[in-house]
Amino acid sequence: MEIKDSGSVVLTAYHSYTPSRIPIMEQTFVPEISSSHSPISRKSLPRCQRINRMLSNESLHPPVFSRSNSQASMDSTSMEDFWCEVESIKESSENGQEEQTLLEVKPADEGELEAEWLQEVGLSTLISGAEEEDGQALLSTLTRTQAAAVQKRYNTYTQTMRKKNKHTVRDVRDIFGVSDSSKPTFETAPVSPVPSNGLQLPGQKPAWKSVSSNSCLDCGLDKDRPSVTEELFHEVSFSESITVLPKRREWPNNQRFKKDDSALPKFIVRKSRFGLTETGDLSLEDMKKIRYLSLIELTAFYDALGIELKRNRTERVKGRENGLFGVPLTILLENDQKKVPGIKVPLIFQKLLLKLEETGLETEGILRVPGSASRVKNLHQELETKFYEDLFDWDQVRNNDAAGLLKMFIRELPSPLFTVEYLPAFIMLVERISKIKLQLQALHLLILLLPDASRDTAKAFLQFLKKVVANEGKNKMNLWNVSMIVAPNLFICKGKRANQEEMQAAATTAHIVRLLIRYQDILWTVPSFLISQVRKMNEAAMNNSKRQLMFDKGVRKLLRRKTIERERPERSEGIVTLPPCLQSDIPEGVIRVYAPLHSKVSMAIQLNSQTKAKDILARFHCENSCGSSENMKGQSQSLYEIGGNIGQHCLDPDAYMLDVYRANPQAEWLIKPKTS
């Protein structure tokens, strides 16, 4: 693999939880610090140099490369901006401008960590020993690599508990039906495609059909710049798709990044017959299951790459319960929802973004050039007292001061936007994974693990950053510049661990921020293989509940009598069928769609292989264009799949309805406005 040099100073991050050897990045960048080309004032430069020396490992002797002056100047600007941003954050804390919320990382033994992991993935039943339906349903949906990841953590937990002579634990054979000593290998991983019914079954050929070339999610900031284009397929588990485990000896011991934005590949996600699903398209209950599965899949993914997934164990300190800055996102949203029901992003954060989008996107050096510290402090205090009274004058706020307030809001969150717990996982995806595609897959799963409030706020922030980069011609802020400035604000954890390790981790995460901005449209989608697992999980839970209910009512004799009836005609296992008295006379392939806000509130529609969700919406719109309710005029309507093996699912307009119907024949179909 050819590595192009782009600098002469190597910054090496080191952490207590990472190995000493760090592999090379396929897309590389090496910053160079050169005072001769720095645009920073002479007054601030010594301070930046001091912080740079403090965070440098003096034992390193970086290689020297031949560079052009222009390229050196660009890299110098990026890195000096980075360290000055770190120094600015430090000064804000020391001057009392920002409140300190301590997050103390607490030590834990391996057994405790694995017990917490099992609880976080929804398998607390393995610890308690109870035979609960949800845990059994989840286990029944796992792929081979996912099951191996659960087995590995459970084995560690049971071994630790036996050493401590704690309570009796279940034998692994009772859970997985395999020998405790069996160790699955990951050198080869047969893929497990998803058939047309939406459920993942190993050993079958995929039933997904290709769609037209324009039916895809195109993710790229620079349409005019040439870049490599690669398709991403989300029908198969990421961990199952890893076919070769990289050998450790093949990992070089240097880490460099290509800073050129055009070097990043251009990814597109090909739409399946089910279309694309965004995180906000699913019910809260189903998103909870998506998180369970995402953590299991992320762990299996790291296992398949030979990487140990580690996380910080933190004790959360309660933040403020009122005000704007330093308030937990959940509490801030609870307060804001009293004013604006259903809001998902804090009002103050929205207003800061709106202010910058209206007047600051073309400001040269926006985000990089700091505002006045005294003005920002005064504005901060004034906002706290006047914002909710609608007395604050936004016209007085200069763009650079607004940017300073925006970054301050993010830094003062009691729990970081991307969570302290999985900071090691973010770092590892940069330091231990070489391919951008695999980095993106790991990042995708980490985003799905975020709490709703954090993910929605991060989405609004990244969408704003994308607009900043789009105005690079006027504001002189390209993708890498923005990433270097934003990284320390997102990934430096305030508190007892806010030391040089955390600061150097922030330098590494500049590349993560670049991936977050560049590929954000992909990150807000839910991979179809996870949705298929949720469907299967819901079906298993419903079947278990149905069987338990019938057992509790003492109808075992009735069950035996009905055995022959259930077997004739033969039905697919796992599909919940309504009793004959509740079944409608709607023939196969016909759905009844309800639209309460239309003058014609329901319609029976015959599906064929080409019927899409948008066709049904267009038909309703055409037949109700004159008599629709006043409440729905001007609102965007969407088609929802509700019930059956899904809680609620807002369908992609390009979803092929016959395929969705066959995946969930017991669903109801409803047209209503899409919640923002």
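The exercises below work through contacts, pairings and burial in a predicted model.

Residues are numbered from 1 along each chain as its sequence is written. In this predicted model, local features need pLDDT of at least 70, side-chain atom pairs count only at pLDDT 80 or more, totals for chains, interfaces and linings use all residues, and side-chain values use heavy atoms, with hydrogens and water left out.

**Exercise 1. Overall make-up**

State how many helices and strands the protein has, and what share of its residues is buried.

Step 1. The protein has 25 helices and 11 strands; these are DSSP runs numbered from the N terminus, helices being H or I of at least four residues and strands E of at least two.
Step 2. Buried residues make up 53% of the 676, where buried means under 20% relative accessible area, exposed over 50%, and partly exposed in between (1.4 Å probe, protein chains only).
Step 3. For contacts (heavy atoms within 4.5 Å), 81% of those with a separation of 6 or more join residues 24 or more positions apart.

**Exercise 2. The partners of strand S11**

Find which strands pair with S11 and in what sense.

Step 1. Two strands pair if DSSP finds at least two bridges between them.
Step 2. S7 (residues 590–594) runs parallel to S11 (residues 668–673), with 2 bridges joining them; here Tyr-594 stands opposite Leu-670.
Step 3. S9 (residues 637–643) is antiparallel to S11 over 6 bridges, and Gln-637 faces Pro-673.

**Exercise 3. A phenylalanine pair**

Describe the geometry and setting of the pair Phe-349 and Phe-409.

Step 1. The structure holds 12 aromatic pairs; rings of Phe, Tyr and Trp (its six-membered ring) pair if their centres lie within 6.5 Å, with planes under 30 degrees apart counted as stacked, over 60 as edge-to-face and the rest as tilted.
Step 2. Phe-349 and Phe-409 form a tilted pair, 5.2 Å centre to centre with 35° between the planes.
Step 3. Phe-349 belongs to helix H11 (residues 347–359) and Phe-409 to helix H13 (residues 399–411), so the pair ties together parts 60 residues apart in sequence.
Step 4. Phe-349 is buried at 0% relative accessibility, and Phe-409 is buried at 1%.
Step 5. Ring pairs link both of them with Phe-325 and Phe-461 in a cluster.

**Exercise 4. Salt bridges**

Locate the salt bridge of Lys-467 and that of Asp-654, and give the burial of each partner.

Step 1. A salt bridge is a side-chain nitrogen of Lys or Arg within 4 Å of a carboxyl oxygen of Asp or Glu; the structure holds 24.
Step 2. Lys-467 bridges to Glu-357, the closest N and O atoms being 3.2 Å apart. Lys-467 lies in helix H16 (residues 452–470) and Glu-357 in helix H11, so the pair ties together parts 110 residues apart in sequence.
Step 3. Lys-467 is partly exposed at 37%, as is Glu-357 at 27%.
Step 4. Asp-654 bridges to Lys-612 at 3.9 Å between the closest N and O atoms. Asp-654 is buried at 16% and Lys-612 is buried at 15%.
Step 5. Both belong to a network of salt bridges with Lys-271, Lys-614 and Asp-652.

**Exercise 5. A buried lysine**

Determine which side chain of opposite charge is nearest to Lys-289, and how far away.

Step 1. Lys-289 is found in helix H9 (residues 284–304).
Step 2. Lys and Arg count as positive and Asp and Glu as negative; His and the chain ends are not counted.
Step 3. The nearest side chain of opposite charge is Asp-286, 4.0 Å away; Lys-289 is buried yet has no salt bridge.
Step 4. Not counting residues up to four places away in sequence, Lys-289 touches Val-534, Met-537 and Asn-538.
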